[in-house]
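Me: Could you take a close look at one part of this model for me, the salt bridges, and then walk outward from there? Keep it casual, but give me the cut-offs.

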Amino acid sequence: MTKWLNMLKMKRITYKLFVTTSLILLSFAVLIYVSLYFFLPTFYQQYKTTQLQTGIEEIITKSKELDLQYGVLLLDAFSKKNNAIVYLQNKEGAIIYSPFFSSVRKGYSLPAEVRVERAKPILNTNSFDVAVPIQFIDANLVLVVSATFQPIDEASQVLVLFLPYLSIIVIVIGIGSAYFYSRFITKPLLYINQGAQKMANLDFSEQIEVHSTDELGELSTSLNELSVNLQQTMQELHNANRQLKSDIEKERAVETKRREFFAIAAHELKTPLTVMKGYLEGMIYHIGPYRDRDQYLHKNHQIVEGMEQLVREILSMSKLERDAFKLQLEEVNLSQLVDKITADLEYFAAQREIQLMKHIASNIMVHTDRLMLVKACKNIIHNAIMYSPQGEKVCIQLTRDVQEGCIQFQVINTGVNIKEEDMQQIFEPFYRVEKSRNRNTGGSGLGLYLVKQIFEALGISYSINNIEQGVEFEAAIPISEQ
């Protein structure tokens with residue numbers, strides 16, 4: 001039942017158009033029939049009267065130039081054309097000529113009931129009668145014309161008898177025409193409506209195809225364009241929404257890391273502050289070994305220097321993470337830069353009995369931020385020296401890789417490897433392979449994190465891997481465009 005109701009709703013416009021068209025056609029058929037029945041006799045009578053009068057006037061005009069013998073030919077033609085009875089009679093009323101005679105005859109008198117002596121036509125519902133003078137070259141006579149209107153009355157009666165059959169024909173043709181017309185008109189409308197409903201339900205899988213150049217074709221084209229534009233807009237919104245979710249998740253992850261960073265930074269600062277506080281209280285109250293103020297003042301100074309270094313690293317990372325931060329790009333001689341960093345760290349390497357080996361190509365130029373790159377390279381070499389066992393080697397290589405279109409910067413420290421689980425987190429802030437967090441055996445855990453931030457800001461790719469000799473750090477620095 002529901003299915004049929006839905007079909008009725010879908011085709012409601014078809015039924016409306018069918019009923020309306022049927023009523024219009026039937027109304028016109030009835031109007032035409034009534035008009036024929038009531039107005040055809042009057043119209044026919046006026047038309048016939050006008051035709052007869054015109055013919056009579058034409059005969060009278062032409063007869064003045066003809067003899068009676070030739071003039072009667074006009075009467076014969078007029079009688080046949082208008083299906084009328086025509087007589088010529090003299091002043092006494094005797095018939096001189098009639099088409100019923102084979103020739104002109106004289107002396108025949110009209111019966112009293114047929115004689116006509118009037119000059120005006122006598123009109124009634126069934127006949128037309130007129131008698132007018134007519135002049136020939138050789139005679140002056142009276143033309144008598146009589147015609148009947150009976151056939152049109154019979155035609156009206158036939159219309160009444162034919163009404164049932166005519167009604168059946170009109171109904172069948174009218175209803176059939178209305179049905180096919182309504183189907184023809186509404187079929188594309190229903191098809192377009194179905195397509196529009198699918199679009200309303202966000203189903204853009206099908207196109208509306210109406211192959212016509214009228215308004216329906218333009219409507220289908222407009223709906224198809226609307227479908228494409230709406231689909232593209234929804235896809236863009238979907239992508240934007242997905243990107244927004246991704247950005248929100250990234251922002252949450254960054255915020256979480258930031259909170260963790262500050263929590264760890266607070267812990268890193270709290271520990272030395274607590275130690276310093278203990279030293280100072282012992283010195284103030286002359287407790288035990290703390291009476292030797294010079295010794296513990298020196299230790300406090302070392303702690304303050306370590307805290308100062310930690311704060312500097314935190315500020316450097318904070319600077320890199322700010323949106324307003326801009327790199328100060330310039331042409332830098334990378335060969336001289338790496339050579340100077342290595343020279344500055346030679347004393348530190350000598351204290352740990354680490355041998356520095358350099359393979360630095362000359363005059364390698366890059367377009368970069370000098371201060372940021374110095375800080376990153378210094379941290380890498382310093383970490384290699386710091387975490388290498390005593391007596392090992394640290395190899396520093398700087399070469400131009402023409403095939404890859406970059407500069408290869410490698411630092412290898414021998415005699416040590418990094419565990420796989422540590423390798424995954426070594427670039428995280430405050431992460432240290434050495435778990436004791438002793439300042440004498442390691443740094444703050446921010447060195448490689450700072451390297452990561454700087455290299456990402458400068459567009460430098462990097463990696464750290466275990467090799468047979470030890471640990472290799474490798475960075476690919478883009479070559480400056482000349």
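Reply: Lys62 pairs up with Glu58 in a salt bridge, with 2.9 Å between the closest N and O atoms. (A salt bridge here is a side-chain nitrogen of Lys or Arg within 4 Å of a carboxyl oxygen of Asp or Glu.) Both residues sit in helix 2, 4 residues apart, so about one turn of the helix. Helices are DSSP runs of H or I with at least four residues, strands are runs of E with at least two, and both are numbered from the N terminus. Lys62 counts as partly exposed at 40% relative accessibility, and Glu58 is partly exposed too, at 42%. For those labels, buried is under 20% relative accessible area, exposed is over 50%, and partly exposed is in between, with a 1.4 Å probe and protein chains only.

A word on the ground rules: this is a predicted model, where local features need pLDDT of at least 70 and side-chain atom pairs count only at pLDDT 80 or more, while totals for chains, interfaces and linings use all residues. Residues are numbered from 1 along each chain as its sequence is written, and side-chain values use heavy atoms, with hydrogens and water left out.

By the salt-bridge rule the count comes to 4. Another one joins Asp339 and Lys358, the closest N and O atoms being 2.8 Å apart. That pair links distant parts of the chain: Asp339 is in helix 7 (residues 334–344) and Lys358 in strand 8 (residues 355–360), 19 residues apart. Asp339 is partly exposed at 34% relative accessibility, and so is Lys358 at 35%. Helix 7 also holds a bridge between Asp344 and Lys340, at 3.3 Å from N to O. These two are 4 residues apart in the helix, which means about one helical turn separates them. Asp344 is partly exposed at 47%, whereas Lys340 counts as exposed at 52%.

Back on helix 2 (residues 12–63), this helix gives the largest share, 5 residues, of a nonpolar surface patch. The patch is made of Val30, Val34, Tyr37, Phe38, Phe39 and Val160, with about 570 Å² of accessible area together. (Patch residues have over 30% relative accessible area and no salt bridge; nonpolar side chains, meaning Val, Leu, Ile, Met, Phe, Trp and Tyr, are joined within 5 Å, and like charges within 9 Å. Areas come from the Shrake-Rupley method with a 1.4 Å probe, and for residues only the protein chains shown count as cover.) Phe38 is one of the helix 2 residues, and counts as exposed at 53%.

For contrast, try Leu373 in helix 9 (residues 370–386), which is buried with a relative accessible area of 0%. Not counting residues up to four places away in sequence, Leu373 touches Leu334, Thr368, Ile454, Phe455, Leu458 and Ile460, where contact means heavy atoms within 4.5 Å. Leu458 is 85 residues away along the chain, yet its C-alpha atom is 8.4 Å from that of Leu373.

One caution on confidence. The mean pLDDT (the predictor's confidence in each residue, from 0 to 100) is 76, and 76% of residues reach 70 or more. Over residues 102–123 the pLDDT is below 50, although this stretch has 47 contacts in the model beyond near neighbours in sequence. Where pLDDT is low, the predicted coordinates should not be read in detail.
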